[in-house]
Amino acid sequence: MKITSITKFLDQPLLSSKLGEKMPLLMSSTALLFATKDIFEKPKDERKKSAIKNIIIMACICSSTILGCKFIRINGEKLINNLSSNEILKKQNAQISKFILENKIESERVKQILNKAKTKFLNPNETDFLLSNINHKKDSSTELINSLFGTKDSVSSKEIFNEISKLSILGFIPVISGIFGGILSDKITNEYTNEKTVNKFKEGFYQFFANIFLCNLGAATFLYTAEKMNQAGIIKSLSAPKKTLAILCGILAVGVVGGSYIANFVSNKIVHPIINKYKKTNYEYQYRKPEAIDIALHTDDIATAGILSGVKWIEPLLPIMYLISGYRAATGYTNKNKKD
């Protein structure tokens with residue numbers, strides 16, 4: 001099977017739409033598994049209280065994210081998948097009917113695959129067979145392929161700056177809802193303290209700023225710089241692979257490498273004093289050291305790079321990746337007592 005066939009399979013708009021429609025179930029299931037694992041890792045006498053807290057936290061994160069994806073719009077577009085599967089199927093059926101009308105199809109297998117595409121997305125083998133057995137020189141074939149497997153338009157920094165606003169909001173919702181879910185769970189279990197609340201806001205800021213926002217900002221900034229270098233003749237051509245490389249470099253430089261330092265600096269100089277003043281506390285700032293799980297959380301940045309490069313099937317899975325950031329904000333995680 002060709003690599004191009006696998007990428008075309010993943011590029012199906014219908015597949016992305018179906019994943020988007022299943023996102024609430026996928027996210028809720030992941031939250032349940034994560035919460036259950038956390039509960040049973042606690043001592044037996046703490047499990048009941050841990051279960052209550054985890055249910056409240058995960059319910060806040062999942063419900064807020066699901067509602068946000070359903071109702072929040074940026075420039076008229078939902079945070080995830082603007083087209084429903086029914087709308088996509090309607091367009092696909094029109095192109096399939098046109099293709100069948102304009103072409104003599106002798107292969108029964110091709111007919112079978114096209115009939116399936118009227119109601120369902122194709123599997124990798126079906127995608128490979130269809131692409132290998134149609135005449136790519138005909139306009140009707142190009143229109144069919146674009147309809148079934150989408151198109152990757154060349155992105156610009158301006159378009160990416162618009163896109164990162166969606167992605168940043170998508171990451172902000174689990175974090176802020178996690179903070180308030182954590183505060184609510186503390187109040188219900190009689191564990192509320194000012195120090196815990198302060199830690200939740202500090203960790204929430206770190207998770208959003210270091211692990212989400214700065215990565216998105218770095219991607220757009222580096223692509224903008226690459227475009228200016230191309231206009232100045234420093235870079236001779238700016239192909240799609242080069243744009244993707246610029247996006248990845250921005251994510252790595254600004255988000256992964258510099259994210260922790262920048263987030264700690266801003267938190268120490270701005271966020272921490274504001275929280276102390278609002279909560280009427282005087283806690284000393286504790287430097288938030290990056291850990292292995294923080295690096296692991298940057299897998300969502302690779303997904304972000306894919307989305308900004310036109311790989312849309314990853315988009316519905318991002319809320320699941322951001323779930324961990326929301327949970328760590330909810331618990332007010334701090335590693336001040338950990339060894340370097």
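Colleague: Which residue's side chain does the side chain of Lys200 join in a polar contact?

Modeller: Happy to start there, with the reminder that this is a predicted model. Lys200 sits in helix H9, and its contacts beyond four places in sequence include Ile179, Gly182 and Ile183. The polar contact spans 3.0 Å, and the partner side chain is that of Asp186.

Colleague: Does Lys200 count as buried or exposed, and why?

Modeller: Leaving aside neighbours within four places in sequence, Lys200 touches Ala329, Ala330, Thr331 and Gly332, among others. The cut-off for burial is under 20% relative accessible area. Lys200 has a relative accessibility of 3%, so the residue counts as buried.

Colleague: Good, now the core: which helix gives the largest share of the largest nonpolar core?

Modeller: That core has 27 residues, and Met27, Met58, Leu170, Val175 and Leu323 have the most contacts inside it. Helices H2, H3, H8, H9 and H14 each give two or more residues to this core. The largest share is seven residues, and it comes from H14.

Colleague: Which residues does Leu170 contact, leaving aside its neighbours within four places in sequence?

Modeller: Leu170 is one of the residues with the most contacts inside the largest core. With those sequence neighbours set aside, its partners are Cys69, Leu79, Ile80, Leu318, Pro319 and Tyr322.

Colleague: How many residues are in the second, separate core?

Modeller: In soluble globular proteins, nonpolar side chains tend to be buried together. Here the second core includes Ile113, Ala117, Leu122 and Leu144. Its count of residues is 15.

Colleague: Let's turn to helix H6: which residue caps its N-terminal end?

Modeller: Helix H6 covers residues 124-132. The cap involves the backbone nitrogen of Asn125, with a side-chain oxygen 3.1 Å away. That oxygen belongs to the capping residue, Asn123.

Colleague: And which helices are among what covers the buried residues of H6?

Modeller: The buried residues of H6 are Glu126, Thr127, Asp128, Leu130 and Leu131. Their cover includes helix H1 (3-10), helix H5 (108-117) and helix H7 (139-149).

Colleague: Stepping back, what percentage of contacts between residues at least 6 apart in sequence join residues at least 24 apart?

Modeller: The secondary structure comes to 14 helices and two strands, and of the 340 residues, 46% count as buried. For the contacts you describe, the share joining residues at least 24 apart is 77%.

Colleague: Finally, what share of the accessible surface belongs to carbon and sulfur atoms?

Modeller: The accessible surface of the protein comes to about 17800 Å². The share that belongs to carbon and sulfur atoms is 61%.

Methods. Residues numbered from 1 in each chain as written. Predicted model: local features only at pLDDT ≥ 70, side-chain atom pairs only at ≥ 80, totals over all residues. Heavy atoms only, no water. Core = buried A, V, L, I, M, F, W, Y, C linked by side-chain atoms within 4.5 Å. Buried < 20%, exposed > 50% of the residue type's maximum accessible area, 1.4 Å probe, protein only. Helix = DSSP H or I, 4+ residues; strand = E, 2+ residues; numbered from the N terminus. Contact = heavy atoms within 4.5 Å. Polar contact = N/O pair within 3.5 Å; in protein donor to acceptor, adjacent residues only side chain to side chain. Areas by Shrake-Rupley, 256 points an atom, 1.4 Å probe, with all protein chains shown as cover.
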